[in-house]
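Thank you all for making time this morning. I would like to walk you slowly through one structure, and I suggest that you keep the picture in view while I talk.

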Amino acid sequence: MLLRSLGPSLRRLLPAFDLSSCQILRHSALFVHLLRLPNRSSDSSRFSGFHPPPLSSESSGDLTPFRRSSSGSADITPCQSDISSCLIPADYRRLLLLELRELLLRCNHQDHRCQRQLAPTPRDFKRTPGTCLAVAWAHPKFGSVLASCSYDGRVIIWKEGTKPEEWIQSHVFIEHKSSVNSIAWAPNELGLCLACGSSDGNISVFTARADGGWHTTKIDQAHPVGVTSVSWAPALAPGALVGSGSLDPVQKLASGGCDNTVKVWKLYNGNWKMDCFPALQMHSDWVRDVSWAPNLGLPKSTIASCSQDGTAVIWTVGKEGDQWEGKVVHDFKTPVWRVTWSLTGNMLAVADGNNSVTLWKEAVDGEWQQVTAVEP
């Protein structure tokens with residue numbers, strides 16, 4: 001087997017883990033996929049553009065890593081047991097190891113044990129079966145309600161118990177078959193409603209019913225290679241405060257994905273439909289985060305997005321049916337991980353891969369200017 005032949009290399013390169021910790025790789029073609037990469041440019045930033053094949057039972061057949069010839073074509077001679085003998089660039093080997101470390105540290109989804117768990121404290125919730133990737137508070141009008149999502153595809157709703165520091169699992173959603181990467185509560189005007197984006201490519205929306213149950217709607221294959229982020233639009237329609245928009249609440253979502261695009265979705269008669277044609281595309285790599293700006297009823301909608309390609313982009317549209325227009329805020333020359341708006345929607349905070357947070361504001365000429373940097 002591939003894992004058995006690569007065992008000595010993995011033990012040497014990942015000394016903190018036993019070979020048994022690599023069970024997660026038996027269910028993924030990621031390792032083999034990276035060994036089969038052609039000899040491309042050594043620019044490591046291109047790594048994130050490669051995506052592993054889908055996880056399926058069919059992908060577990062031929063697991064023999066191919067050797068690459070100098071021309072880039074595959075040779076059927078298997079690699080030797082040492083990973084360093086495989087003809088792939090050094091940077092890709094280094095990035096492969098980083099990816100392996102991340103997978104092993106995040107979770108072993110087969111036996112639900114994390115290799116490096118912190119010691120529990122009295123304030124800890126009962127741990128979710130997989131590594132928790134995000135948490136989000138619901139509006140206070142619904143009480144103390146918290147949502148969490150995890151690497152094993154579960155979304156859990158937590159409610160405060162009757163005892164001090166007691167939190168109870170109110171509901172567990174298992175609709176997703178892969179990691180749930182992002183969750184977001186809708187504006188309180190829409191009720192207790194949670195949107196979830198997953199690596200399986202789908203977006204699910206869970207809405208609490210009066211009888212205590214939950215209604216589920218889904219956007220199938222919103223981003224076929226994976227959803228990285230979701231964000232709700234303000235419930236107040238653009239232009240509502242100046243008489244040019246409806247006062248009825250609107251249900252819209254923005255999403256970003258591994259297909260390098262940002263998409264806008266709207267609920268029509270109980271079904272989610274794409275509300276921007278074509279998809280918004282100014283990024284050349286994975287979209288890491290999207291954030292819909294508060295508009296206070298003014299006649300404009302604004303979305304911020306950031307990407308692995310190092311850029312943050314502001315998308316605006318004047319009225320319903322118009323085309324969205326994008327403008328690059330700045331090229332940070334490093335992956336940008338998070339964007340978030342101030343409560344008034346006039347200032348944008350950006351977190352990038354240099355461990356810095358910068359604040360940006362639109363000038364009178366329409367250009368975005370850095371206001372300040374937040375020191376770590």
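Before I point at anything, let me settle one word, since I will lean on it several times: a residue is called buried when its relative accessible area is under 20%, and exposed when that area is over 50%. Please also keep in mind that what you see is a predicted model.

With that cut-off in hand, let me start with Phe206, which sits in strand E9, residues 203-208. Is Phe206 buried or exposed? Its relative accessible area is 0%, and therefore it counts as buried. Around Phe206, leaving aside residues up to four places away in sequence, the contacts are Phe173, Glu175, Leu192, Cys193, Leu194, Cys196, Trp214, His215 and Thr216. One of these partners deserves a second look, because although Phe173 and Phe206 are separated by 33 residues in sequence, their C-alpha atoms are 8.8 Å apart in space.

Let me now step back to the whole chain. The protein chain contains three helices and 22 strands, and of its 376 residues, 44% count as buried. If we take the contacts in the chain with a separation of 6 or more, 48% of them join residues that are 24 or more positions apart.

I will describe two of the sheets, and I begin with the one whose order is E15-E16-E17-E18, an open sheet of four strands with antiparallel pairing. Its edges are E15 and strand E18, residues 325-331, each of which pairs on one side only. On average, neighbouring strands of this sheet are turned by 20° against each other, direction ignored.

Within this sheet, strand E16, residues 301-307, is joined to E17 by six bridges in the antiparallel sense, and across that pairing Ile303 stands opposite Trp315. E16 and E17 also make a hairpin, with three residues between the two strands, and in the turn you will find Gly310 with a positive phi of about 95°. On its other pairing, strand E17, residues 311-317, meets E18 over six bridges, again antiparallel; here Thr316 has Glu325 as its bridge partner, while Ile314 stands opposite Lys327. How many of the seven residues of E17 are buried? Six of them are, and E17 is accordingly described as mostly covered.

The other sheet has the order E19-E20-E21-E22, and it too is open, with four strands and antiparallel pairing. Strand E19, residues 336-341, and strand E22, residues 368-374, are its edges, each pairing on one side only. From one strand to the next, the twist averages 25°. Strand E21, residues 357-362, is linked to E22 by six antiparallel bridges, and there Lys361 stands opposite Gln369.

Let me turn to a second residue, Ala254, which is found in strand E12, residues 252-257. Ala254 has a relative accessibility of 0%, so this residue counts as buried. Not counting residues up to four places away in sequence, Ala254 touches Ser229, Val230, Ser231, Lys263, Val290, Trp292 and Ile303; the last of these is the residue we met opposite Trp315. Ala254 and Trp232 lie 22 residues apart in sequence, with a C-alpha to C-alpha distance of 6.3 Å.

Trp232 brings me to the empty space in the model. The second largest pocket holds about 640 Å³, and it is lined by 26 residues, among which Ile183, Ala184, Trp185, Ser231 and Trp232 lie nearest its centre. Which strands each supply at least two residues of that lining? They are strand E3 (132-137), strand E7 (180-185), strand E11 (227-232) and strand E15 (287-292). Sorted by class, the lining of this pocket has 16 nonpolar, six polar and four charged residues.

Finally, there are two cavities of 30 Å³ or more in the structure. The largest cavity contains about 50 Å³ of space, and its lining consists of Ala233, Pro234, Leu236, Pro238, Val250, Lys252, Trp292, Asn295 and Ser301. By class, that makes six nonpolar, two polar and one charged. Notice that Trp292, part of this lining, is also a contact of Ala254.

Technical notes
Residues are numbered from 1 along each chain as its sequence is written. This is a predicted model: local features need pLDDT of at least 70, side-chain atom pairs count only at pLDDT 80 or more; totals for chains, interfaces and linings use all residues. Side-chain values use heavy atoms; hydrogens and water are left out. On a 1 Å grid over the protein atoms alone, a cavity is a set of points where a 1.4 Å probe fits but cannot get out, and a pocket is an open set with protein on both sides within 12 Å along at least five of seven lines; lining residues have an atom within 4 Å of a point. Grid points are joined across faces, edges and corners, and a volume is the space filled by probe spheres set on the points. Ala, Val, Leu, Ile, Met, Phe, Trp, Tyr, Cys and Pro count as nonpolar, Asp, Glu, Lys and Arg as charged, and the others, Gly among them, as polar. Two strands pair if DSSP finds at least two bridges between them. Axes are lines fitted to C-alpha atoms, for helices over the stretch in contact, and angles run from 0 to 180 degrees between N-to-C directions. Buried means under 20% relative accessible area, exposed over 50%, partly exposed in between (1.4 Å probe, protein chains only). Contact means heavy atoms within 4.5 Å.
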